[in-house]
Amino acid sequence: MRFLITAGPTREPIDPVRYLSNRSSGKMGYALAAAALTKGHEVLLISGPVAIPAPDGATLVRVETAQEMYHAVADAIGNADAAIFCAAVADYRVAEVAEEKIKKTGETLNLTLVKNPDILGSARSVFGFEGLLVGFAAETEKLAEHALDKLRRKDCDLLVANDVSRTDIAFDRDENEVELFYRDGRHETLAQASKAAIAAELVGRVESLREA
Ligand code: CTP
């Protein structure tokens, strides 16, 4: 199969030296890429800025902003059999990026933020993607309710939900524990394990969905 995987954070510039971002390390997305390659699949990895190397054999497309990630996905998703959206995309960007470094002249500084495009939410509705679609959800409360809402709203086959209120897993950690919600209503838990082990399980689930 041909996998498209988004990974890492996005970086939204404020001025030439500053940006808005988040704590995503890219580890989960990169582990998914490695797991898919190990199982003999082709991988296109569309990644925000991270400090880890891409697995050998992946085709890496580096992006910075959500808009760049959106365009990279739009260009490539038509060639994918399965798309896994693991990136922690910044929901908002600064409305007007300052051309020069902002000086600290005032006691307060207001930034106006505007919404970024929802890349996963565009997969079916804008890009016309008909392959297997897997989304992630980072939640701090009402995990099942929010995950099921995302699954339906973004028309996914599988939604992988993380509890990011836990400090021992998920964001910037080597281990994860995830809840899986399927389009057909099935639900399962992948117990706490290394991101590599969780990734291998997830690639296996995608393969099973493809066979079904
Ligand atoms: N995602 C995306 N593009 C965005 C925002 C999110 O592709 N601009 C993808 C993420 O890669 C992940 C899923 O959507 O697969 C997570 O969505 P999330 O941001 O948690 O959900 P929202 O529906 O935006 O809801 P909220 O942020 O309000 O929880």
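How many of the 8 residues of β9 are buried? The count is 7 of the 8, so β9 is largely enclosed by the rest of the structure. Buried means under 20% relative accessible area, exposed means over 50%, and partly exposed lies in between (1.4 Å probe, protein chains only).

This is a predicted model: local features need pLDDT of at least 70, side-chain atom pairs count only at pLDDT 80 or more, and totals for chains, interfaces and linings use all residues. Residues are numbered from 1 along each chain as its sequence is written, and side-chain values use heavy atoms, with hydrogens and water left out.

**The whole chain**

The protein chain has 5 helices and 12 strands. Both are DSSP runs, numbered from the N terminus: helices are H or I with at least four residues, strands are E with at least two. The radius of gyration, taken over C-alpha atoms, is 17 Å. The globule rule (2.2 Å times the number of residues to the power 0.38) also gives 17 Å for 212 residues, so the chain is as compact as a globular protein of that length. Buried residues make up 46% of the 212 residues.

**The sheet**

An open sheet of 8 strands runs in the order β5-β4-β1-β6-β9-β10-β11-β12, with mixed pairing. Two strands pair if DSSP finds at least two bridges between them. The edge strands, β5 (59-62) and β12 (187-194), each pair on one side only. Three of the pairings are listed here.

| Strands | Sense | Bridges | One bridge pair |
|---|---|---|---|
| β6 and β9 | parallel | 4 bridges | F85 and G135 |
| β9 and β10 | parallel | 6 bridges | A138 and N162 |
| β10 and β11 | antiparallel | 5 bridges | N162 and V178 |

N162 appears in two rows: it is the bridge partner of A138, and it stands opposite V178 in β11.

**Helices on the sheet**

Which strands does helix α4 touch? Helix α4 (residues 143-153) packs on the sheet and touches β9, β10 and β11. Its direction makes about 150° with that of β10. Contact means heavy atoms within 4.5 Å. Axes are lines fitted to C-alpha atoms, for helices over the stretch in contact, and angles run from 0 to 180 degrees between N-to-C directions.

Helix α1 (residues 27-38) also packs on the sheet. The strands it touches include β1 (2-7), β4 (42-47) and β9 (132-139). The direction of α1 makes about 170° with that of β4.
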